[in-house]
Amino acid sequence: TKYLKIYIFAVSYVTLMVSVEGTTCNGRGQADILSAKVYKEANMIKCKTALDERAQKAFTKNFKIYSIIATVIGALGIVAYIVTSLLVNSSFLDILLVFSLPFAFGVVYLFMINKTTKKTVASELVNEYEFDNDFFTVTSYKHSEQVGTIKVFYKEIYKIKEKNNYIFLYINRVNAYIVDTENLSKEDITLLRAILKINIKS
């Protein structure tokens with residue numbers, strides 16, 4: 001019986017040490033997630049985002065690049081069709097007219113992006129975010145006057161992207177909540193990332 005107790009104690013100790021070592025090997029990321037779980041119990045991370053031109057440029061940058069590429073490719077195809085049709089008389093050249101589609105798409109999309117950007121900037125809205133356990137709250141202000149509030153559950157988020165001091169919380173392929181992290185401390189940014197990682201599988 002004595003040796004059996006010693007054996008059980010030894011096995012338990014080894015198992016505990018392996019568990020601790022495994023947690024240590026996971027590094028900073030695991031620690032951040034654990035810290036976020038503790039942090040979530042007692043606090044909410046709050047931040048404000050002005051929906052100004054800077055925020056809109058960061059959000060629409062990739063959309064604009066894709067639109068410009070489509071426009072350029074379409075324009076080159078159309079020019080090639082015009083030049084070639086002047087030199088060669090063949091109905092097969094009509095296939096080049098397919099380039100009018102990306103050209104039209106690019107032009108229209110660029111127009112829509114610019115129009116939406118100007119409209120959003122003109123609204124002069126500021127969104128205040130509060131990140132809680134299972135959801136975050138967005139309260140909109142215009143000239144310090146509250147104009148609306150909405151609760152968004154993390155399960156409703158389609159995907160997350162981060163660039164240029166912004167975190168974009170997409171609710172679909174096109175629309176996203178823009179979170180400005182510029183005025184957050186490094187600790188809060190790390191914890192916010194961990195909270196989002198816990199709750200959102202993107």
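**Exercise 1. Find the residue that stands opposite tyrosine 166, then work out how its strand sits in the fold.**

Step 1. Tyrosine 166 faces aspartate 180, which belongs to strand 7. Strands here, like helices, are DSSP runs numbered from the N terminus: E over at least two residues for a strand, H or I over at least four residues for a helix.

Step 2. Now zoom out to the strands. Strand 6 and strand 7 run antiparallel and are joined by five bridges; two strands count as paired if DSSP finds at least two bridges between them. The two form a hairpin, with five residues between them.

Step 3. Check the surroundings of strand 7. Five of its five residues are buried, so strand 7 is largely enclosed by the rest of the structure. Buried means under 20% relative accessible area, exposed means over 50%, and partly exposed is in between, using a 1.4 Å probe and protein chains only.

Step 4. Sort the side chains. In a regular strand they alternate between the two faces of the sheet. In strand 7, Ala176, Ile178 and Asp180 point one way, while Tyr177 and Val179 point the other way.

A word on the source: this is a predicted model, where local features need pLDDT of at least 70 and side-chain atom pairs count only at pLDDT 80 or more, while totals for chains, interfaces and linings use all residues. Residues are numbered from 1 along each chain as its sequence is written, and side-chain values use heavy atoms, with hydrogens and water left out.

**Exercise 2. Lay out the four-strand sheet and say which strands are at its edges.**

Step 1. The sheet is open, its strand order is 1-2-3-4, and the pairing is antiparallel. Strand 1 (45–50) and strand 4 (145–153) are the edge strands, each pairing on one side only. From one strand to the next, the twist averages 20°.

Step 2. Walk through two of the pairings. Six bridges link strand 1 with strand 2, and alanine 50 stands opposite valine 126 in strand 2. Strand 3 (135–142) and strand 4 share eight bridges, with threonine 137 partnered by lysine 151.

Step 3. Look at the turn. Two residues separate strand 3 from strand 4 in their hairpin, and histidine 143 in that turn has a positive phi of about 55°.

Step 4. Add the helix. Helix 5 (186–199) lies across strand 1 and strand 2, at about 100° to strand 1. For that angle, axes are lines fitted to C-alpha atoms (for helices over the stretch in contact, meaning heavy atoms within 4.5 Å), and angles run from 0 to 180 degrees between N-to-C directions.

**Exercise 3. Describe the largest pocket: its volume, its lining and its residue classes.**

Step 1. The volume is about 570 Å³. A pocket is an open set of points on a 1 Å grid over the protein atoms alone, where a 1.4 Å probe fits, with protein on both sides within 12 Å along at least five of seven lines; lining residues have an atom within 4 Å of a point. Grid points are joined across faces, edges and corners, and the volume is the space filled by probe spheres set on them.

Step 2. The lining has 22 residues, and the closest to the centre are Gln56, Phe59, Thr116, Thr120 and Asn175. Helix 4 contributes the most, seven residues.

Step 3. By class, the lining has 13 nonpolar, nine polar and no charged residues. Nonpolar covers Ala, Val, Leu, Ile, Met, Phe, Trp, Tyr, Cys and Pro; charged covers Asp, Glu, Lys and Arg; the others, Gly among them, are polar.
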